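Here is a friendly walk through one protein model, with the helices and strands taken in turn. Keep the structure open beside you as you read.

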Amino acid sequence: MSIKTSSLQLSLVCPALLFGLMLWSQPSHAQASYTWDQIKDRFETNNPTLRADAIGVQEMKAQEITAYLRPNPTFGLTADGTQFAPHDGVWTPFKGSSVVPALSYLHEREHKRDLRLQSAQEGTHIATSLHADLERTLLFMLRTQFIQTLQAKAIVDLSRQQLDYYDKIIDISGSRFRSGDLAQIDLDRIELQRVQYESDLQAAEVNLRTAKIQMLQLLNDRTPVDQFDVTGRFDFTDQLQPLDGFRQIAQDNRPDLNASLESVRQATTNHKLAIANGSTDPTFSGWYTWNASNNNPNANQTVGAGISIPLRIFDRNQGEKQRTQLDIGRNQRLVDATRASVFSDVDSAYAQLDSNLALLRPYKAKYLDQAVRVRETVTYAWQHGGASLLDFLNAQSDYRTVQLAYAQLIGAYLTAAGQLNLAVGREVIQ
């Protein structure tokens, strides 16, 4: 009976212990892996530089309220007619006093308020376009860092695969040595070559960790590096639209070009405002008096009205008119310079992308397969005495060089694609 009880207790305890060991062996925090779209959303939400610039756009929007404010009316209060000193022995100081309250208002002519508002709104549009241009530049930096992380991950995987493959070669070589089919010096040379593969793996892991740290900095994220990862397609697309199509997209979407065009419109509005400010603005006023009429003894309560018009003998706004007129021409020249820069950026990025494609096509078509075929053939021949040790080591090195060059070329292609996206102002190549 006791034996059965002990067996039953053991059968219950073992699964519980096994489950507890499984929970204990799992990491306390799982590694989160993010796609490019998720990384971009987190960046737009958390990046402090981008958020600070967005506040600047809101400040420009608030200035529109100030620009459209009306002039405030002016209230005045005047007391007159108070006797200052006795006359013929009579002193009644307040008998003839009159108090005159008055209101005056400056009337702005030539649509000054509307032009100020229009200029402020155009300033907001410029700030919005510049904010979009800042986001475009920062997103390119983020995209480049994202690609470098993917490239580092690919190189880490490649380095591990090569190290595992070489370890199998070492095991086979050890078996051949023990059977007398391989000299000690040859085995030592094969084992010494493993140091290069270990170094490649360590360098790749350091580069991967560094790339993640720099990406977390852009995201303003305090997540530990070991709990952060990215995932995405690390390959190239052998399709490229004509250059003219990218040029047209850039003209329609580049925010810095839009900001230049909006600056011309704002300069034109500012010139109209300078002309309007040169016009005369009258001030209308009205007042009420008690006991103020000397011509009509029965008019104890009177009202009056007046208008004040500045005499613009000297036009003190002439310089501002000339300055704003020159500013229109200056901004038009800046538009031409920006448009030329846009075309230059697109052409340069397109040429770089096309060059990377020209290098990647033969790799995918034949070089990768050739490197695998040469390595396998030379390895087989060396194991059966048909190739020298030097041929074997060279074949391993050539395979590693080709695979690494291919990964670096894909990274260069994706970076050039990001450069082209930056040049045209939106993502045209994923």
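## Helix 4 and helix 7

Let's begin with a helix pair: helix 4 and helix 7 cross in the left-handed sense. Please keep in mind that this is a predicted model. Helix 4 covers residues 112-178 and helix 7 covers residues 255-277, and the two pack with their axes 9 Å apart at an angle of about 165°. Because angles over 145 degrees count as roughly antiparallel, helix 4 is roughly antiparallel to helix 7. Sorted by class, the residues of this contact are 8 nonpolar, 11 polar and 9 charged.

## Two buried residues of helix 4

Helix 4 has more to show. Histidine 131 is part of helix 4, and its relative accessibility is 15%. Since buried means under 20%, histidine 131 counts as buried. What does histidine 131 touch, once its neighbours within four places in sequence are left aside? Its contacts are Leu50, Asp53, Ala54 and Val57.

Glutamine 162 also lies in helix 4. With a relative accessibility of 6%, glutamine 162 counts as buried. Not counting residues up to four places away in sequence, glutamine 162 touches Tyr197, Tyr399, Arg400 and Gln403. You can also look for glutamine 396: its C-alpha is 9.0 Å from that of glutamine 162, although 234 residues separate the two in sequence.

## Helix 6 against helix 8

Now for another helix pair. Helix 6 packs on helix 8, which spans residues 318-383, at an angle of about 140° and with 10 Å between the axes. This angle makes helix 6 oblique to helix 8. The crossing of helix 6 with helix 8 is right-handed.

Which residues meet where helix 6 and helix 8 touch? Helix 6 brings Leu243, Phe246, Arg247, Ala250 and Gln251, while helix 8 brings Arg339, Val342, Phe343, Val346, Asp347 and Tyr350. By class, the residues of this contact comprise 7 nonpolar, 1 polar and 3 charged.

## Glutamine 241, in the loop before helix 6

Glutamine 241 sits in the loop that runs between strand 4 (228-230) and helix 6 (243-253). Is glutamine 241 buried, partly exposed or exposed? Its relative accessibility is 44%, and because partly exposed covers values between the 20% and 50% limits, glutamine 241 counts as partly exposed.

Beyond its neighbours within four places in sequence, glutamine 241 is in contact with Phe246 and Tyr350. Both of these residues also appear in the contact between helix 6 and helix 8, Phe246 in helix 6 and Tyr350 in helix 8. As for lysine 112, its C-alpha atom is 49 Å from that of glutamine 241, and the two residues are 129 apart along the chain.

## The open sheet

Over to the strands. Strands of a sheet pair through backbone hydrogen bonds, either parallel or antiparallel. Here 4 strands make up an open sheet with antiparallel pairing, in the order 2-3-5-6. Strand 2 (74-80) and strand 6 (301-308) are its edge strands, each pairing on one side only. On average, neighbouring strands of the sheet are turned by 20° against each other, direction ignored.

Strand 2 and strand 3 run antiparallel and are joined by 7 bridges. Among the paired residues are aspartate 80 and its bridge partner in strand 3, serine 98. The number of buried residues among the 7 of strand 2 is 0, so strand 2 lies largely in the open. On to the next pairing: strand 3 (residues 98-106) and strand 5 (residues 283-290) are antiparallel over 5 bridges. Within strand 5, phenylalanine 284 is the bridge partner of tyrosine 105.

## Positive phi in two loops

Most residues other than glycine have a negative phi, and most peptide bonds are trans. Histidine 111 is not a glycine, yet its phi is positive, at about 60°. Look for histidine 111 in the loop between strand 3 and helix 4. At 58% relative accessibility, histidine 111 counts as exposed.

Asparagine 220 has a positive phi too, near 55°, and is likewise a residue other than glycine. Its place is the loop between helix 5 (184-219) and strand 4. With 34% relative accessibility, asparagine 220 counts as partly exposed.

How values were computed: Residues numbered from 1 in each chain as written. Predicted model: local features only at pLDDT ≥ 70, side-chain atom pairs only at ≥ 80, totals over all residues. Heavy atoms only, no water. Pairing = 2+ DSSP bridges. Axes fitted to C-alpha atoms, helices over the stretch in contact; angles between N-to-C directions. Buried < 20%, exposed > 50% of the residue type's maximum accessible area, 1.4 Å probe, protein only. Contact = heavy atoms within 4.5 Å. Parallel < 35°, antiparallel > 145°, perpendicular 65-115°, else oblique. Left-handed = near helix turned anticlockwise from the far one by under 90°. Nonpolar A, V, L, I, M, F, W, Y, C, P; charged D, E, K, R; others polar.
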